[in-house]
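Here are some quick notes from going through this one. Have it open while you read.

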Amino acid sequence: MYKTTSMIIILLLSSAIFSGADDEVTCSGIVPMRGRSDNISITDFGGVGDGKTVNTNAFRAAIYMIEHMRRKEGTLLYIPPGVYLTDRFNLTSHMTLFLATGAVIKATQDTSYWPLADPLPSYGRGREREGGRYMSFILGDRVHDVIITGENGTVDGQGDVWWNMWRQRTLQYTRPHLIEFMHSSDIIISNVIFKNSPFWNVHPVYCSNVVVRYVTILAPVDSPNTDGIDPDSSSNVCIEDSYISTGDDMVAIKSGWDEYGLAFGRPSSDITIRRITGSSPFSGIAIGSEMSGGVENVLAEHINLFNMGVGIHIKTKVGRGGYIRNITVANVYIKNAKKGVKISGDVGDHADDKFDPKAIPVVQDIRMKSIWGENIQQPGLVKGIKNAPFTNICLSDINLYGSFKLRTRPWECSDVEGSSLEVSPWPCSELLSSGSCFIQT
């Protein structure tokens, strides 16, 4: 069951209260919101919002016109109230897709004619199946200056048909994402509700200058692999002020898979995640496990997490190579979780049997501070890789308490070097020192 609208509002308000964050503290200025010199409506192209008419031709005709009109300041495509059923479609540069209050863009569920795309070069194959992958429902490929926004209209992927194919093991190719940008820059996604994605919800890959703000992302708790926002081999990404309740990681930073990610060699870097509230049976804020291109310079702060598998999860595996470094996580509240913090070198599967077992990922300079949790079954697990320990793991002002009814498991650590200050319950001996690494304040 989804959270009700009132619950979403309450949780977002509690996030603001807990964080104490000034509204002016934002990274969204990396891509300024801009107006358009020209406005058109989907109804100008025969769009009908009755929930029955298939509007694929209307969307494609409208976007074709935007592409070829080439207005100086770009064009806004207005989606009025109504339910607009459509097959997948592509965006173009210098456009705004604007969903009014009560507007719903809804994916068709006929998978038999869904087109295929080549696998991402940094993955070498589809993430779920060998070979290609189904094209994303809404795709921007090699575009710039694109805005998806509105008055909290909805994009509905109707993903249950895809989830059932996954459960029944009848998928031929990897499921489509709901929204994907590839090789693109200067992207804004704001004030929109995304729901029922077939696979990952928002996937910027090989992108730069991306802002995702004031969005709501919803999927049933048992929907497979419905990650919320997954920046992938992308830089200068801002994710703020959003509510995410899905069946997999709320936010997961990635950068390619095993030997393919190493060969492609494009990291994810300079990513800010701020004032996010939500729940997931998996992770709240995650890095990996596909991180072979490297992940660095990440700040996640003022995060509220409820009913979680793991609060903060940094994950990798032998054969990934690459690095995870200079990560700061601060001001996090977690209620009801199996694990508060997990940093692990043995998570995930391999693309194929051609991975290099000598490709050892480097995990270093991880700072976590001001994390508070209640009803946490295990405060933390930090397990590096034998003969390649995770280093400079710095914990400060962390209080992760269990339930009065259930016995809390202690911290577990191995192959890790670092230090801690004011951590309760006491961490493992590998992290008890208070002076071997610098903890930012």
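**Notes on the predicted model**

1. Start just past helix α3: R169 comes after it and has a positive phi, near 60°. Keep in mind as you look that this is a predicted model.

2. Now the helix itself. α3 spans residues 160–167, and W162, W163 and M165 are buried in it. These three take up an arc of only 160° around the axis, so they sit on the same side of α3. As for what lies over them, the cover for the buried residues of α3 includes β9 (133–134).

3. On to the sheet. Four strands make an open sheet in the order β5-β10-β13-β16, and the pairing is parallel. The edges belong to β5 (89–90) and β16 (202–205); each has a single partner strand, so one side of each has no neighbour in the sheet.

4. Within that sheet, have a look at β10 (residues 138–141) and β13 (residues 179–182), which pair in the parallel sense over four bridges. If you want a residue pair to find the register by, G140 has F181 in β13 as its bridge partner.

5. Last, V54, which is part of strand β2 (residues 50–54). Its relative accessibility is 47%, so V54 counts as partly exposed. Which residues does V54 contact, leaving aside its neighbours within four places in sequence? They are L85, T86, D87 and T108. You can also check the C-alpha atoms of V54 and A107: they are separated by 9.4 Å, with the two residues 53 apart along the chain.

How values were computed. Residues numbered from 1 in each chain as written. Predicted model: local features only at pLDDT ≥ 70, side-chain atom pairs only at ≥ 80, totals over all residues. Heavy atoms only, no water. Pairing = 2+ DSSP bridges. Helix = DSSP H or I, 4+ residues; strand = E, 2+ residues; numbered from the N terminus. Buried < 20%, exposed > 50% of the residue type's maximum accessible area, 1.4 Å probe, protein only. Contact = heavy atoms within 4.5 Å. Arc of directions from axis to C-beta.
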